[in-house]
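Q: Please take a close look at the pairing of charged side chains in this model. I would like the answer to set those pairs beside the other cross-links and the chain as a whole.

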Amino acid sequence: MNIKNKFLTVIITILFITACSDKQKTATTPQEQTKNTANLPVQKSSESIEGIYSSDECALSVKITKTKDGYAYFLETSARKVKGNATVTKNESGEKYVTLEGIQWDDYEGDISNEDETDSVSNQEKTAKEIEIPVGIDASYVKDTLTIQNYGNSMNSYTKLSECGAKYIRLIRK
């Protein structure tokens, strides 16, 4: 009987091995959705800055799109339409900034805290010519809002976008 048990064990083992390896792969067909299911919209990542941003305070909008080289923008106000590259940066504390490159500020008188006390009234022409008007508008970016500080103060007088009189222009993604 001992030989019969060994013989039976070998046969059962061979059957198990061949049964597992001879399984045919069956193709599964996708089932169609029933009427009770719904497609959920794909939500944009919180990291994505793409979108159309507009202001409630003035007629100003910015459209930011992703390109193969980074981001591009299209700024539209009541007086101008400008397009160019947009750069996203992050400072040491983790705050994000978007720079709309190529937009010249409307007015810039410079930071007077760095001027020497020896400046005279006769030197005004020379200092006016030496001051270069900055190019590029920075905006802080938090969630779905871009915030531009549009003008400075008496110590650092400037205006970035004269079409809007608000000190801080808040552009909210629509």
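A: In this predicted model, the side chains of Lys-174 and Asp-56 meet in a salt bridge, with an N to O distance of 4.0 Å. This pair links distant parts of the chain, since Lys-174 belongs to the segment after β10 and Asp-56 to the loop between β1 and β2, 118 residues apart. Both partners, Lys-174 and Asp-56, are exposed. The cut-off for a salt bridge is 4 Å between a side-chain nitrogen of Lys or Arg and a carboxyl oxygen of Asp or Glu, and by this rule the count comes to four.

Another of these salt bridges joins Lys-81 and Glu-76, whose closest N and O atoms are 3.7 Å apart. Its two ends fall into separate classes of accessibility: Lys-81 has a relative accessible area of 59% and is therefore exposed, whereas Glu-76, at 31%, is partly exposed.

Arg-80 also forms a salt bridge, here with Glu-163, and the closest N and O atoms lie 2.8 Å apart. Arg-80 sits in the loop between β3 and β4 and Glu-163 in the loop between β9 and β10, so the pair ties together parts that are 83 residues apart in sequence. The contact between the side chains of Arg-80 and Glu-163 also counts as a polar contact, at 2.8 Å. Burial begins under 20% relative accessible area; Arg-80 has 18% and therefore counts as buried. Glu-163, by contrast, has 22% and so counts as partly exposed.

The link does not stop at this pair: Arg-80, Asp-106 and Glu-163 are connected in a network of salt bridges. What else does Arg-80 touch, not counting residues up to four places away in sequence? Besides the network partners Asp-106 and Glu-163, the contacts of Arg-80 comprise Leu-75, Ile-103, Gln-104, Lys-160, Leu-161 and Ser-162.

The loop between β9 and β10 that holds Glu-163 also contributes to a covalent link. A disulfide joins Cys-58 to Cys-164, with the sulfur atoms 2.2 Å apart. Cys-58 is in the loop between β1 (51-55) and β2 (60-67), while Cys-164 is in the loop between β9 (156-159) and β10 (168-173), so that 106 residues separate the two in sequence. The link is left-handed, with -90° about the S-S bond. Both ends are buried: Cys-58 has a relative accessible area of 14%, and Cys-164 has 4%. The structure holds one disulfide. The loop between β1 and β2 thus carries Cys-58 as well as Asp-56, the partner of Lys-174.

Strand β4 follows the loop of Arg-80 and contains Ala-86. With 6% relative accessibility, Ala-86 is buried. Beyond residues up to four places away in sequence, Ala-86 touches Tyr-71, Ala-72, Tyr-73, Val-98, Thr-99 and Leu-100. Asp-138 is 52 residues from Ala-86 in sequence, and their C-alpha atoms are 9.6 Å apart in space.

Two loop residues are exposed. Ser-93, in the loop between β4 (81-90) and β5 (96-104), has a relative accessibility of 57% and is therefore exposed; its side chain makes a polar contact of 3.0 Å with the side chain of Asn-91. Lys-143, in the loop between β7 (135-142) and β8 (145-149), is exposed at 67%. Although not a glycine, Lys-143 has a positive phi of about 50°.

The surface also has a nonpolar component. Phe-7, Ile-11 and Leu-15 make a nonpolar surface patch of about 310 Å². Of these, Ile-11 lies in helix α1 (residues 2-21) and is partly exposed, at 33% relative accessibility.

These details belong to a chain with two helices and 10 strands, whose elements run α-β-β-β-β-β-β-α-β-β-β-β from the N terminus on. Of its 174 residues, 25% count as buried. The chain exposes about 13500 Å², with carbon and sulfur atoms supplying 52% of that area. Among contacts with a separation of 6 or more, 51% are between residues 24 or more positions apart.

Conventions:
Residues numbered from 1 in each chain as written. Predicted model: local features only at pLDDT ≥ 70, side-chain atom pairs only at ≥ 80, totals over all residues. Heavy atoms only, no water. Disulfide = S-S within 2.5 Å. Helix = DSSP H or I, 4+ residues; strand = E, 2+ residues; numbered from the N terminus. Buried < 20%, exposed > 50% of the residue type's maximum accessible area, 1.4 Å probe, protein only. Polar contact = N/O pair within 3.5 Å; in protein donor to acceptor, adjacent residues only side chain to side chain. Patch = residues over 30% accessible without salt bridge, like charges linked within 9 Å, V, L, I, M, F, W, Y side chains within 5 Å. Areas by Shrake-Rupley, 256 points an atom, 1.4 Å probe, with all protein chains shown as cover. Contact = heavy atoms within 4.5 Å.
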